[in-house]
Amino acid sequence: MTGTVELRVLSADDLDSYRKLRLEALRAEPTAFGSSYEVEASARADKYRDRLTGSAENFVLGAWQADRLVAMLGFVRETASKRLHIGAVWGMYVIPSLRGQGLGRRLLTDVLRRARELPELEHLLLTVVSVNTAAHALYQSLGFVAWGTEPAALKIDGVDYDDIHMVLRLHDAH
């Protein structure tokens, strides 16, 4: 990786950088996200600002190289009383020029550390499109296990893409 990369939780002050990278991600990798560029490009700033609460239970972790946001990964904890033991990882994106250099692993490892600090959080869920073999391998290497496949979860330009649902048991509680 050329230059130092700093990880930090994004705040409302990072709104413009986050929105720019999110839209880049949606345009460059449409199969990797449930949302689309068209939907999010027309979204109000409030939608993005709400994701940048910076709380321990709902945050977007960003990777900064100099003053540029170059990668991101979201985390959210379920809020329903019967699902407080579950969190989800979402929206992983690393700019193409920095892929394969361990930045995605750094982001996910940091999110896992933060998740393990939350009381009574037991499981982390994520979804990865079946054609994204690099992401799938990363998640497996950090302990996520596939528990099911959703056929044709996404349809993009008439092509169906399956989603692999994965879980990580944070504390080997059971």
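Is Phe59 buried or exposed? Phe59 is buried, with a relative accessible area of 2%. The cut-off for buried is under 20%. The model shown in these views is predicted.

**View 1. Phe59 and Phe75 form an aromatic pair.**
The structure holds three aromatic pairs. Tyr18 and Tyr48 make up an edge-to-face one, shown in View 2. Phe59 and Phe75 make up a tilted one. Their ring centres are 5.3 Å apart. The angle between the two planes is 35 degrees. Phe59 belongs to strand 2, residues 58-65. Phe75 belongs to strand 3, residues 68-77. The two are 16 residues apart in sequence, so the pair ties together separate parts of the chain. Phe75 has 1% relative accessibility, so this residue counts as buried. Arg114 lies over the face of Phe59. The distance from Arg114 to the ring centre is 5.6 Å.

**View 2. Tyr18 and Tyr48 meet edge-to-face.**
The two rings are 5.9 Å apart, centre to centre. Their planes are 70 degrees apart. Tyr18 comes from helix 1, residues 15-28. Tyr48 comes from helix 3, residues 45-51. The pair therefore ties together parts that are 30 residues apart in sequence. Both Tyr18 and Tyr48 are buried. Arg51 also appears here, with its charged end over the ring of Tyr48. That charged end is 5.2 Å from the ring centre.

**View 3. Helix 1 packs against helices and strands.**
Helix 1 has 14 residues. At 1.5 Å a residue, helix 1 should span 20 Å. The C-alpha atoms at its ends are 20 Å apart, which agrees. Which residues of helix 1 are buried? They are Leu15, Tyr18, Leu21, Arg22, Leu23, Ala25 and Leu26. These buried residues pack against helix 2 (37-41) and helix 3. They also pack against strand 2, strand 3 and strand 4 (86-94).

**View 4. Lys47 sits in helix 3.**
Lys47 has its place in helix 3. Its relative accessibility is 33%, so Lys47 counts as partly exposed. Which residues does Lys47 touch, not counting those up to four places away in sequence? Lys47 touches Val39 and Glu40. Val131 is 84 residues from Lys47 in sequence. In space, the two are 28 Å apart, C-alpha to C-alpha.

**View 5. Strand 6 and strand 7 form a hairpin.**
Strand 6 covers residues 145-156. Strand 7 covers residues 159-169. The two strands run antiparallel. How many bridges join them? Eight bridges join strand 6 to strand 7. Among the bridge partners, Lys155 is matched with Asp160 in strand 7. Two residues lie between the strands of the hairpin. Asp157 is in the turn and has a positive phi of about 50 degrees.

**View 6. His165 makes polar contacts with Thr127 and Glu150.**
His165 lies in strand 7. Its relative accessible area is 16%, so His165 is buried. The side chains of His165 and Thr127 are joined by a polar contact of 3.3 Å. The side chains of His165 and Glu150 are joined by a polar contact of 3.1 Å. Which other residues are in contact with His165, leaving aside neighbours within four places in sequence? Besides Thr127 and Glu150, they are Leu126, Val145, Ala146, Trp147 and Gly148.

Methods
Residues numbered from 1 in each chain as written. Predicted model: local features only at pLDDT ≥ 70, side-chain atom pairs only at ≥ 80, totals over all residues. Heavy atoms only, no water. Helix = DSSP H or I, 4+ residues; strand = E, 2+ residues; numbered from the N terminus. Buried < 20%, exposed > 50% of the residue type's maximum accessible area, 1.4 Å probe, protein only. Polar contact = N/O pair within 3.5 Å; in protein donor to acceptor, adjacent residues only side chain to side chain. Contact = heavy atoms within 4.5 Å. Phe/Tyr/Trp six-rings, centres within 6.5 Å; stacked < 30°, edge-to-face > 60°. Lys NZ or Arg CZ within 6 Å of the ring centre and 35° of its normal. Expected span 1.5 Å × (residues − 1). Pairing = 2+ DSSP bridges.
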